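Q: Please take a close look at a single part of this structure and explain how it is put together.

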Amino acid sequence: MDDRIEEFVMREELIMLTAAELDVENCRPVDFPEPRRVYAWVRYPSKALRVQAHAIAYTKTAVKIRFFEPLIMIQREGWVWLSAVAPAPPREAEKQGPVG
């Protein structure tokens, strides 16, 4: 248990887009009717990680994502650039695997 507490305390803070970068006064966010499964790059001071997430809102330049961090057992939410997000494949395609 001490290792998990140390990991939580020593963990780098997640870097998400700021309000200035989002420019919500000129570019209002729109909520998705239902969350969409995506892969997204998230940033920490010393690394970037590609995570499975749900896109929950968007602007013309950014996407708001929600994802679970298993090491520290918490749900995270924040904005990333649109170019950092890719749609996850449909569930049926994942189950069938490659064709051929």
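How many residues lie between E1 and E2 in the hairpin that they form?

A: This is a predicted model. In it, E1 and E2 form a hairpin, and two residues lie between the strands. The two strands run antiparallel and are joined by 11 bridges. One position shows how the partners are matched: Arg-36 has Ala-55 in E2 as its bridge partner.

E1 also pairs with strand E5, which covers residues 85-87. This pairing is antiparallel too, and it has three bridges. Here Tyr-39 has Ala-86 in E5 as its bridge partner. In a regular strand, side chains alternate between the two faces of the sheet.

Next come the rings. The structure holds one aromatic pair. Its members are Phe-32 and Tyr-58, with ring centres 4.9 Å apart and planes at 40 degrees, so the pair counts as tilted. The label follows from the angle, because planes under 30 degrees apart would count as stacked and planes over 60 as edge-to-face. Phe-32 belongs to strand E1 (residues 30-44) and Tyr-58 to strand E2 (residues 47-58), so the pair ties together parts that are 26 residues apart in sequence. Phe-32 is buried, at a relative accessible area of 17%, while Tyr-58 is partly exposed, at 32%. The two labels differ because buried means under 20% relative accessible area.

Another ring has a charged neighbour: Lys-47 lies over the face of Tyr-44, at 5.9 Å from the ring centre. Tyr-44 falls within the range given for E1, residues 30-44, and Lys-47 within that of E2, residues 47-58.

The hairpin strands also take part in the largest nonpolar core, which has 16 residues. Met-16, Val-42, Ile-65, Phe-67, Val-80 and Val-85 touch the most other members of this core. E1, E2 and strand E3 (62-69) each supply at least two of its residues. E1 gives the most, with five residues. Apart from this core lies another, of five residues, among them Leu-17, Leu-22, Ala-62 and Trp-79.

Phe-67 can be followed further through its contacts. Leaving aside residues up to four places away in sequence, Phe-67 touches Leu-14, Met-16, Val-42, Val-51, Gln-52, Ala-53, Ile-74, Gln-75 and Arg-76. Two of the residues named there, Met-16 and Val-42, are also listed with Phe-67 among those that touch the most other members of the largest core.

Key
Residues numbered from 1 in each chain as written. Predicted model: local features only at pLDDT ≥ 70, side-chain atom pairs only at ≥ 80, totals over all residues. Heavy atoms only, no water. Phe/Tyr/Trp six-rings, centres within 6.5 Å; stacked < 30°, edge-to-face > 60°. Helix = DSSP H or I, 4+ residues; strand = E, 2+ residues; numbered from the N terminus. Buried < 20%, exposed > 50% of the residue type's maximum accessible area, 1.4 Å probe, protein only. Lys NZ or Arg CZ within 6 Å of the ring centre and 35° of its normal. Pairing = 2+ DSSP bridges. Core = buried A, V, L, I, M, F, W, Y, C linked by side-chain atoms within 4.5 Å. Contact = heavy atoms within 4.5 Å.
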